[in-house]
Amino acid sequence: MPGSDKVRVRFAPSPTGYLHIGGARTALFNWLFARQKKGSFILRIEDTDVERSTKEAIDAIIDSLKWLGLDWDEGPILQSQKFELYKDEARRLLADGKAYRCWCSAEELEEKRKRAMKEGKKPKYDGKCRERTAPFPDGPYAIRFKAPQSGQTEVDDIIRGKVTFENSELDDLIILRSDGTPTYNLCVVVDDVDMKISHVIRGDDHLNNTPRQVLLYQAFGCPTPQFAHVPLILGQDKARLSKRHGATSVTAYREMGYLPQALVNYLVRLGWSYGDQEVFSSQELIEKFDLSKVGKSSGVFNPEKLLWLNSHYIRQKDPDKLFELVAPFLEKHGCRPSKEENFLALLKLIAERSRTLDEMAIMSKFYFQDELEYDKEAEKKIVSENTGSHVREIKDALNGLGIFGRKDIEQVFQKYVDEKGVQLKEVAQPVRLAVTGRTVSPGLYEILEILGKAKVISRLDRFLKTITPQ
């Protein structure tokens, strides 16, 4: 299993759920490093936990990576299809005297663990089977790696610097269970060697596994890859990011109407920076990303900052693209969107004040709804005894317009408030509610122009019947 000078990195998720945004950032850092160094980015699915791994989770991870634009050069490679290789490598260590058989039962090991904890000792294996010689007991056995019991193992980490571990603190870890299934640390090392991985970029929750894996590389007589352990992402309360902080999966953000460019841009800035620059294209990220400049401190997830970035990218989209993006959200809200010129104009207006695609759908769905549901709380606040007459006279004036353009519409409203001596909001807000169902929207005159005279008059008539039933 020879090494290679070419940069080869891997993203290796466990398919037990959706892709967490922390995992997405790890994948992003690997992808950027590979693209920058003109190396290879490999997708490996670590599905050796047969009970918890699912096909649905694998599909969700792959779909999320594709949505983020993180294309891979090799894979997806499933560990579950390589069990025989892992078994062979475990037996090779056993034959070389670098591993040994262990007949200790699960019950016995649990009893030892409890006893050690009760005595205030680290619950590590006591080495009972380490020096056992033939004749061996009958029955199934596990294979344990024979770790050195003295000295130190050093990890020269690109992000964290030199990290030293005392070998006396490490365990003789099981590399092949008594049922013949391989364990995580063995699979990782065998795969990284087999795939000629040059750099292992992963979350620092894996740091404690690293000395064990380094010792396995050495036992196999293979070069150790360079490690870079990325700090975790924390919530606003500085606790590890979890569901109690809100959405944590890439799928959830996609379903809420975030754009992949915004999520990529935000995640890369959680722990890495390039001066004061906030917004990057993919090419800029590839050119400027520097793994050694990733900070040692955990990044704190700021939902408002992500929303700001998302609104920025929404405003950059042209109307045709916006329609493609918003259409599925409109359908989710019960609309049947069609790409009409007036609706594209509406989307451009709404994009200026929307933070997500779902917000855009909620704010624009009135265009396709023949019978609006009015905001009841708003209706209570703005409908007064004079509202009916205000709306009726505005409707008649609008109906009399030859050209139904924004300026002409504005003149109708201005003339009315001047003649009647009322405030504009007394007239404009009821009309806004009548034509959109809400009291918040882009400019009213633009909205009326986009809807067109026929729709506006029809909606004003319906509103009048609602507030002044016959």
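1. In this predicted model, S249 sits in the loop that runs between β11 (233–234) and α7 (250–255). S249 has a relative accessible area of 12%, and because buried means under 20%, the residue is classed as buried despite its place in a loop.

2. The side chain of S249 also has a polar partner: one of its polar atoms lies 3.1 Å from the backbone nitrogen of A252. Leaving aside residues up to four places away in sequence, S249 touches Y18, L19, H20 and I21, and helix α1 covers residues 21–36.

3. Helix α1 (residues 21–36) also holds N30, a residue that counts as buried because its relative accessibility is 0%. The side chain of N30 reaches the backbone oxygen of T26 at 2.9 Å, and, when residues up to four places away in sequence are not counted, N30 is in contact with V9, R10, F41 and I201.

4. Turning to the nonpolar interior, the largest core has 106 residues, and those with the most contacts inside it are L65, F301, M360, L398, F413 and L448. Helix α1 gives the most to this core, contributing nine residues. In soluble globular proteins, nonpolar side chains tend to be buried together.

5. L448 may be a convenient residue from which to look at this core, since its contacts, not counting residues up to four places away in sequence, are L398, F404, I409, F413, V431, V435 and V456. A second core, separate from the largest one, has 34 residues, including F83, V155, F165 and V193.

Definitions and conventions: Residues are numbered from 1 along each chain as its sequence is written. This is a predicted model: local features need pLDDT of at least 70, side-chain atom pairs count only at pLDDT 80 or more; totals for chains, interfaces and linings use all residues. Side-chain values use heavy atoms; hydrogens and water are left out. Helices (H or I, at least four residues) and strands (E, at least two) are DSSP runs, numbered from the N terminus. Buried means under 20% relative accessible area, exposed over 50%, partly exposed in between (1.4 Å probe, protein chains only). A polar contact is a pair of N or O atoms within 3.5 Å; within protein, one must be able to donate a hydrogen and the other to accept it, and residues adjacent in sequence count only if both atoms are side-chain atoms. Contact means heavy atoms within 4.5 Å. A nonpolar core is a set of buried Ala, Val, Leu, Ile, Met, Phe, Trp, Tyr and Cys residues joined through side-chain atoms within 4.5 Å.
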